[in-house]
Amino acid sequence: MAIIGSLFALLGRFVGRVLTTTLGWASVLLFGRVPKDRQVWLAVLTFGSLAWVIAVIGILLPDVGTLLLAAVPRPDWVPEDLVRLVMLAIAVVLPPILGGITLLLAEPEERPTGFGLVTQVLRGYLFAPTLAVTLVVLAVAGTIRKLGAVIKRREDAHIAIVVRPGRYEALVSTLETTLRKGELIDRRGPGSTILVVPAHILAAVAGRGIGRYVPDKLIVLEGPQLRVAVYPADLALTGEKDDVARARALVARDVSSRDAWFTTTRESQQVEDRMAALEKA
């Protein structure tokens with residue numbers, strides 16, 4: 001049994017590394033690259049939702065739960081029944097915690113109070129399974145996409161932005177004009193259904209906090225060697241190294257702050273606002 005436990009532990013660590021990598025790809029496909037001060041909370045939501053699903057599976061399917069327990073290193077003095085009790089506690093308590101964490105993704109003035117606060121916390125019972133399923137689907141899609149990029153020797157890059165309220169279409173139009181002039185893209189289209197539909201469902205279930213990072217619609221600009229996905233908080237570029245570099249240079253030079261902030265803190269965005277006002281004057 002000790003040998004079997006060690007093998008399960010080794011397999012668990014390997015699977016853990018694979019899951020961490022693929023879930024990272026899934027998160028980028030779903031949200032883009034969000035500001036650093038929000039990344040921690042998204043990571044907590046991601047792994048929290050998966051922990052909840054694992055706990056529920058372990059409770060509902062005892063045989064699977066036994067395998068999960070064997071894969072987790074456990075001191076001899078910790079009884080197995082106690083671990084199962086912890087799994088039950090996770091299944092009951094974790095969803096409202098995740099629902100509360102979604103509030104931290106919203107701006108302080110946008111956070112609900114009173115009954116709205118309670119409702120948002122209880123949304124966690126719907127949010128946890130929805131996010132877990134969404135991430136599993138996107139992890140598969142992200143792995144396939146990553147393998148394709150490796151085969152074609154393409155690289156990924158990200159430009160941090162925060163689209164101004166109501167300016168998504170204007171930003172896309174400016175990006176399209178800029179990149180067409182640079183002969184980098186030649187068409188515009190909607191994002192893949194496998195990315196957009198799960199995002200819509202998640203936004204409806206999760207509420208405003210996380211919904212602000214999920215695109216109402218995802219527009220993709222494409223050319224022979226470049227693909228640009230426009231998220232509410234990210235420009236995701238995939239393509240040949242030289243084309244990605246040229247695209248980043250063109251965006252930095254020709255796309256102003258009228259439609260999106262290119263910084264993520266409130267103070268720096270206020271500076272951009274003053275610069276945009278001067279540009280209009």
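**Notes on the salt bridges in this predicted model**

1. Let's start with one residue: Arg 187 has a relative accessible area of 40%, so Arg 187 counts as partly exposed. Keep in mind as you read on that this is a predicted model.

2. Who does Arg 187 pair with? The partner is Asp 186, and the closest N and O atoms of this salt bridge are 2.8 Å apart. Asp 186 is also partly exposed, at 41% relative accessible area. The general idea is simple: side chains of opposite charge can pair when their charged atoms come close.

3. Now zoom out for a moment. The chain has 281 residues, and 41% of them are buried. It holds 11 helices and 7 strands. Its accessible surface is about 15600 Å², with 66% of that belonging to carbon and sulfur atoms.

4. Here is something to look for when you trace the chain. Take the contacts between residues at least 6 apart in sequence: 73% of them join residues at least 24 apart.

5. How many salt bridges does a search of the whole structure find? The count is 7. One of the pairs is Asp 259 with Arg 167, where N and O sit 2.5 Å apart. Asp 259 is in the loop between α10 (241-254) and β7 (260-261), while Arg 167 is in the loop between β2 (162-163) and α7 (168-181), so this salt bridge ties together parts 92 residues apart in sequence.

6. Are the two partners of that bridge buried or exposed? Asp 259 has a relative accessible area of just 4%, which makes it buried, because the cut-off for buried is under 20%. Arg 167, at 35% relative accessibility, is partly exposed.

7. Next, have a look at Arg 188 and Glu 176. They form a salt bridge too, with 3.2 Å between the closest N and O atoms. Arg 188 belongs to strand β3 (residues 187-190) and Glu 176 to helix α7, and the two are 12 residues apart. Glu 176 is buried at 14% relative accessibility, whereas Arg 188 is partly exposed at 34%.

8. Which residues do salt bridges with shared partners join into one network? They are Glu 169, Glu 176, Arg 180 and Arg 188. Try finding these four in the structure above, starting from the Arg 188 and Glu 176 pair.

Notes:
Residues are numbered from 1 along each chain as its sequence is written. This is a predicted model: local features need pLDDT of at least 70, side-chain atom pairs count only at pLDDT 80 or more; totals for chains, interfaces and linings use all residues. Side-chain values use heavy atoms; hydrogens and water are left out. Helices (H or I, at least four residues) and strands (E, at least two) are DSSP runs, numbered from the N terminus. Buried means under 20% relative accessible area, exposed over 50%, partly exposed in between (1.4 Å probe, protein chains only). Contact means heavy atoms within 4.5 Å. Accessible areas come from the Shrake-Rupley method with a 1.4 Å probe; for residues, only the protein chains shown count as cover. A salt bridge is a side-chain nitrogen of Lys or Arg within 4 Å of a carboxyl oxygen of Asp or Glu.
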